[in-house]
Amino acid sequence: MTDSPTCPEAHDLKAAKKIPRQKMPEREPRQRMKHFDEVPMGYTPELAQKEAKRCLQCKKPLCRIGCPVEIDIPAFIKCIVEGDFVGSARNLKEYNALPAVCGRVCPQEDQCEKVCILTKKGISVAIGNLERFAADYERNKGTITLPKIPAPTGYRVAVVGSGPAGLTAAGELVKMGHEVVVFEALHKPGGVLVYGIPEFRLPKAIVEAEIDYLKKLGVKIEVDAAIGKVATIDELLSNGFDAVFVATGAGLPLFMGIPGENLCGVYSANEYLTRVNLMKAYNSHYVTPVLRKRRIAVVGGGNVAMDAARTALRMGTEEVYIVYRRSRSEMPARIDEIHHGEEEGLKFMLLTNPIRVLGDEKGWVKGLECIKMELGEPDSSGRRRPVPVQGSEFILDVDCVIMAIGTSPHPLVPMTTPGLKVTPKGNIMANEETGQSSKEGVFAGGDIVTGAATVILAMGAGKKAAQAIDQYVRNKVRVS
Amino acid sequence: MFKVLAKERLAENIYRTVIEAPKIARKRKAGQFVMLRVDEPGERIPLTISDADPEAGTITIVFQTVGYTTKLLGTLEAGDYVLDVAGPLGHPTHVEKFGTVVSIGGGLGIALGRSITEALYKAGNHVIAIISARNKSLLILEEEMKKICSELMVATDDGSYGFHGFPTQVLQQLIDSGRKIDLVVAVGPVPLMAAVSKLTKPYGIKTIVSLNPIMVDATGMCGACRVTVGGVTRFGCVEGPEFDGHQVDYDELMKRLKTYAEQEKEMDARFVAARSREIQEVKR
């Protein structure tokens with residue numbers, strides 16, 4: 001952290017309160033629909049400083065407690081107030097290896113910003129926007145500097161999966177002086193950051209830059225390496241790795257179990273997004289095909305459903321429906337994403353549940369039969385249970401359906417690792433604080449443990465596991 | 001990057017390519033496949049590992065140049081590189097001593113089922129291999145197959161070589177002759193696998209087929225490879241590629257395999273155009 005001069009404005013409560021929350025400039029909906037460019041365009045330094053001045057620099061900052069990786073939020077914001085943008089980014093990176101990613105895709109409204117003291121008095125500081133600003137500034141300036149790495153400890157750690165949990169753990173472990181090899185099954189590292197989250201929400205160049213930073217720190221990444229197949233967890237442990245961190249994330253998509261789900265033109269959101277994002281089907285230079293249909297129904301109400309639907313709009317689909325069985329207030333997607341989707345013309349079919357996919361004689365989707373729902377008593381999740389309205393069936397005229405109703409845990413490691421305990425659903429059982437699994441030397445974290453969650457929760461798990469792995473390898477009695 | 005060490009034309013539009021991939025070569029077992037991407041804008045395609053040499057660190061793939069990616073792959077010569085090869089993927093074949101096994105390979109399927117036939121033969125089974133093609137010139141690997149089975153039978157659709165007719169007719173003759181068959185394995189075009197399964201079902205002969213659904217990641221993430229087996233949706237990449245032939249919904253599989261037929265035509269035209277441009281340039 002840089003020694004900072006006093007910053008009168010930031011501590012002037014009255015002045016701070018008078019500044020409204022600064023909105024980040026966004027591309028116009030009609031314009032942005034034509035391409036995959038990012039929708040919010042980022043703060044200018046002036047906007048960032050104005051917003052940063054709203055921070056009250058609390059002595060006991062609640063925002064830090066709200067952050068799964070406990071970023072020193074007042075400190076990085078203070079740097080922005082002082083105009084030390086690069087210092088701000090460095091400060092962020094002490095706690096978070098992927099600030100440009102988190103600044104974009106973290107649900108700040110449910111975390112740091114939710115508990116920000118200003119939330120109680122009005123509107124919180126735009127912590128996510130500021131995080132993004134600082135990280136982007138540093139990257140665009142090309143002034144990235146590396147922290148000092150301690151002398152090699154001689155311990156080797158394998159990280160399985162290069163999504164948010166794996167990359168975070170890798171970054172932490174390499175900064176502790178361990179040798180880290182990350183194994184990725186796909187041809188590109190990044191996990192959900194590259195195959196799932198679309199370009200217009202998280203530009204892939206940014207993911208690449210953050211991964212490059214980790215490589216510069218010394219993290220080795222092996223792509224095309226599906227652990228469980230090319231090598232098992234046991235083989236990694238017996239071939240020179242002192243510990244393994246399993247962060248293989250979400251796996252096979254869930255389907256509803258209704259008739260017609262295997263018709264041509266029914267996608268899982270995972271497949272649709274992978275074709276467009278990872279395989280770049282939106283770019284005519286790339287070879288991977290994707291169906292370009294006229295009317296698409298996206299089933300589900302989460303962020304993945306929004307991503308798939310907004311992607312479909314950009315692929316030239318005339319009508320895109322969000323079909324969700326509860327009402328708007330129960331939708332798990334971020335409010336911003338729902339709002340963006342609405343601006344772009346998504347049609348929301350709420351309190352509606354599909355009951356059958358209709359097909360033609362050649363096996364193609366020609367409609368989606370749905371039934372209207374109403375909300376009954378609260379269920380185990382605390383949300384009101386949707387119940388079908390008898391006799392309200394109708395047919396939605398679509399020629400493609402994308403199922404975005406969740407995923408099951410990635411199957412390869414649980415299938416191939418004897419002694420690794422999993423839940424009935426297939427999630428690896430791991431200690432919440434340490435990531436320690438039922439198997440000696442094997443730690444796990446992220447979606448493979450918790451089920452589908454957020455990028456930052458996975459990063460938090462990666463960070464905690466790195467601490468535990470560090471202790472584990474140092475205390476381990478080496479056999480050889 | 002994975003180096004191409006050898007390439008050989010086996011028949012019209014069918015090539016055998018040997019790729020340096022030591023880690024995969026060491027681990028692969030019969031029946032497994034790799035995902036391959038030729039170059040950066042390329043798609044990921046699943047290809048069965050036909051053979052491997054763990055000492056030399058090589059895997060062998062055999063493919064038919066039917067679309068953009070396979071045609072591009074067909075242009076690679078020894079010394080060229082493939083950008084990505086991931087594997088070995090899918091469950092290996094369940095190998096044990098069953099007794100008498102009939103292994104049926106149709107067209108390219110001869111090469112795809114080669115490793116399965118070999119493994120079952122080495123496990124001590126009496127393996128009767130029936131290999132078939134549309135005509136003699138398209139029949140591949142006859143000599144090699146002789147070495148990894150107990151009896152080899154050949155059929156061609158047009159009668160230009162071996163039995164005149166379909167491999168199912170040869171199988172029917174075997175069954176009619178009263179030979180006890182403990183297992184049938186069929187690899188080849190979907191209609192062939194469907195026909196073999198239909199034939200063996202009334203006799204209660206256990207039949208295994210190796211399916212080739214469309215895949216994208218092929219590691220258990222995207223769900224493109226859904227096949228209906230016994231009325232249940234199964235994922236070909238991590239639960240297959242081999243399934244009980246009597247339970248597979250072949251009609252659905254055929255339809256799903258045609259999902260991108262139109263786009264594939266477009267890509268094919270693009271490939272031909274690119275190649276003819278290259279040829280023009282070379283001429284100049």
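How much area do chain A and chain B bury between them? About 3700 Å², with 57% of it on carbon and sulfur atoms. Keep in mind while browsing these views that the model is predicted.

**View 1. Where chain A meets chain B.**
Here 46 residues of chain A are in contact with 45 residues of chain B. If you want a few residues to look at first, try A:Lys229, A:Asn262 and A:Val287: together they supply 21% of the area that chain A buries against chain B, more than any other three residues.

**View 2. Polar and charged links across the interface.**
Between chain A and chain B there are 24 residue pairs in polar contact, counting pairs with both residues at pLDDT 80 or more. On the chain A side, the elements that give two or more residues to the surface touching chain B are strand 5 (250-253), strand 6 (266-268), helix 16 (269-276) and helix 19 (412-416). Sort the chain A residues on this side by class and you get 24 nonpolar, 12 polar and 10 charged. As for salt bridges, two turn up across the interface of chain A and chain B. Zoom in on A:Glu235 and B:Lys27, whose side chains meet in a salt bridge at 2.7 Å, N to O.

**View 3. Inside the largest cavity.**
The count comes to seven cavities of 30 Å³ or more, and this view shows the largest cavity, with a volume of about 130 Å³. Its lining has 17 residues, and nearest the centre lie A:Glu271, B:Ile214, B:Ala224, B:Arg256 and B:Thr259. Strand 6 and helix 16 of chain A, together with helix 9 (250-257) of chain B, are the elements that give two or more residues to this lining. Helix 9 of chain B gives the largest share, three residues. By class, the lining of the largest cavity has 11 nonpolar, two polar and four charged residues. Strand 6 and helix 16 of chain A may ring a bell, since they also give two or more residues to the side of chain A that touches chain B.

**View 4. A salt bridge within chain A.**
Over all chains, the structure holds 46 salt bridges. The one shown here pairs A:Glu38 with A:Arg104, with the closest N and O atoms 2.5 Å apart. This pair links distant parts of the chain, 66 residues apart: A:Glu38 sits in the loop between helix 3 (29-32) and helix 4 (45-52) of chain A, and A:Arg104 in helix 8 (residues 99-105) of chain A.

**View 5. Two cis peptide bonds in chain B.**
Most peptide bonds are trans, but here are two to look at up close. A cis peptide bond joins B:Gly87 and B:Pro88, with omega about 0°. You'll find B:Pro88 in strand 7 (residues 84-89) of chain B. The peptide bond from B:Gly240 to B:Pro241 is cis too, with omega near 5°. B:Pro241 is in the loop between helix 8 (236-239) and strand 16 (242-244) of chain B.

**View 6. A positive phi at A:Lys280.**
Most residues other than glycine have a negative phi. At A:Lys280, though, phi is near 55°, a positive value. To find A:Lys280, look in the loop between helix 16 and strand 7 (295-299) of chain A.

How values were computed:
Residues are numbered from 1 along each chain as its sequence is written. Chains are lettered from A and ligands numbered from 1 in the order in which they are written. This is a predicted model: local features need pLDDT of at least 70, side-chain atom pairs count only at pLDDT 80 or more; totals for chains, interfaces and linings use all residues. Side-chain values use heavy atoms; hydrogens and water are left out. Contact means heavy atoms within 4.5 Å. Buried area is the accessible area (1.4 Å probe) that two parts lose on being put together, summed over both. A salt bridge is a side-chain nitrogen of Lys or Arg within 4 Å of a carboxyl oxygen of Asp or Glu. A polar contact is a pair of N or O atoms within 3.5 Å; within protein, one must be able to donate a hydrogen and the other to accept it, and residues adjacent in sequence count only if both atoms are side-chain atoms. Helices (H or I, at least four residues) and strands (E, at least two) are DSSP runs, numbered from the N terminus. Ala, Val, Leu, Ile, Met, Phe, Trp, Tyr, Cys and Pro count as nonpolar, Asp, Glu, Lys and Arg as charged, and the others, Gly among them, as polar. On a 1 Å grid over the protein atoms alone, a cavity is a set of points where a 1.4 Å probe fits but cannot get out, and a pocket is an open set with protein on both sides within 12 Å along at least five of seven lines; lining residues have an atom within 4 Å of a point. Grid points are joined across faces, edges and corners, and a volume is the space filled by probe spheres set on the points.
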